[in-house]
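I opened my notebook to look up a few charged pairs and one residue that caught my eye. Here is what I had on screen.

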There are 2 protein chains.
Amino acid sequence: MSPDQIDDLLARVRMNADGLVPAIAQQWDTREVLMMAWMDASALRETLETGRGVYFSRSRGERWVKGETSGNVQSVREVRLDCDGDTVLLLVDQTGGACHTGDRTCFDAVGEQWSSGTADPGTSGAGSSGPSTRGPAS
Amino acid sequence: MSPDQIDDLLARVRMNADGLVPAIAQQWDTREVLMMAWMDASALRETLETGRGVYFSRSRGERWVKGETSGNVQSVREVRLDCDGDTVLLLVDQTGGACHTGDRTCFDAVGEQWSSGTADPGTSGAGSSGPSTRGPAS
């Protein structure tokens, strides 16, 4: 992206009261939702300028580059903004696991822990009483 | 989900200081990321109990059922929670457009407006200077 395009995008983003915007990272080809994290304007700018996923840690109060420690970097292929400008969607090529646990996605990891659900993804096992959940393989 | 499963999930969710959790809605089969919105505990419980996407409007300060006005309802097929319990991922079957603009997703709509980017999704047009963006068909 050109500097002007980056400035245009940043001007459209509506940060929250803490100066942050949620960013969803999705694997560009399989379309898995990998993780959700937060960016400040500086992290979003660095992401756009470098093509690497860069975020802001709310707990540590500092910038972090995805994969800087683990090697599981995110190469950003496409950036989208939602209709009211307050959520970013990154289509990325994720090396290795996106989750700090080592799992491929942050969502699969805990989704399998909290439930003894019965339905496989993509089946019609939800029934009439509400949505199904991913259960352990057993 | 059983009442016990719903209670278990709710106990694992880490709401923010406003009592809200971000929820990403993804079309279950095409894996499009449709929208991101917020839920309070009551909306999440109603989503789990009814299998319909129910959210909390931060601007209006009230519950809203996706599609209640437009007819573009979300049938929830699967619910996942991320590794630190502060983001929900819903795999849904979305009727019609998920965005209030009528577009299929909230992200495509503005992603095409803010950029004169040159690369099609899925191409290697990102180049070395940063990520590409979705541009108009022209």
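My entries below go through salt bridges and then a single glutamine.

**Entry 1, ground rules.** I am working with a predicted model, so I treat every value as computed.

**Entry 2, salt bridges overall.** I looked up the total and found 14 salt bridges over all chains. In chain A, I noted a network of salt bridges linking A:Asp7, A:Arg45 and A:Glu49.

**Entry 3, a buried pair.** I checked A:Arg80 and found its side chain in a salt bridge with that of A:Glu78, at 2.7 Å from N to O. Buried or exposed, I wondered about A:Arg80 and A:Glu78? Both A:Arg80 and A:Glu78 turn out to be buried.

**Entry 4, loop to loop.** Next I looked at B:Glu32, which forms a salt bridge with B:Arg104; their closest N and O atoms are 3.4 Å apart. The two sit 72 residues apart, B:Glu32 in the loop between β1 and β2 and B:Arg104 in the loop between β6 and α3 of chain B. I put B:Glu32 down as partly exposed because its relative accessible area is 25%, and B:Arg104 likewise at 30%.

**Entry 5, helix to strand.** I found the side chains of B:Glu46 and B:Arg63 meeting in a salt bridge, 2.7 Å from N to O. B:Glu46 belongs to helix α2 and B:Arg63 to strand β4 of chain B, so this pair ties together parts 17 residues apart in sequence. B:Arg63 is partly exposed, at 43% relative accessibility.

**Entry 6, the glutamine.** B:Gln26 is in strand β1 of chain B. I count B:Gln26 as buried because its relative accessible area is 2%. Among the residues B:Gln26 touches are A:Gln26, A:Arg31 and A:Val33, along with B:Glu32 and B:Leu90.

Conventions: Residues are numbered from 1 along each chain as its sequence is written. Chains are lettered from A and ligands numbered from 1 in the order in which they are written. This is a predicted model: local features need pLDDT of at least 70, side-chain atom pairs count only at pLDDT 80 or more; totals for chains, interfaces and linings use all residues. Side-chain values use heavy atoms; hydrogens and water are left out. Buried means under 20% relative accessible area, exposed over 50%, partly exposed in between (1.4 Å probe, protein chains only). Contact means heavy atoms within 4.5 Å. Lists of a residue's contacts leave out its neighbours within four places in sequence.
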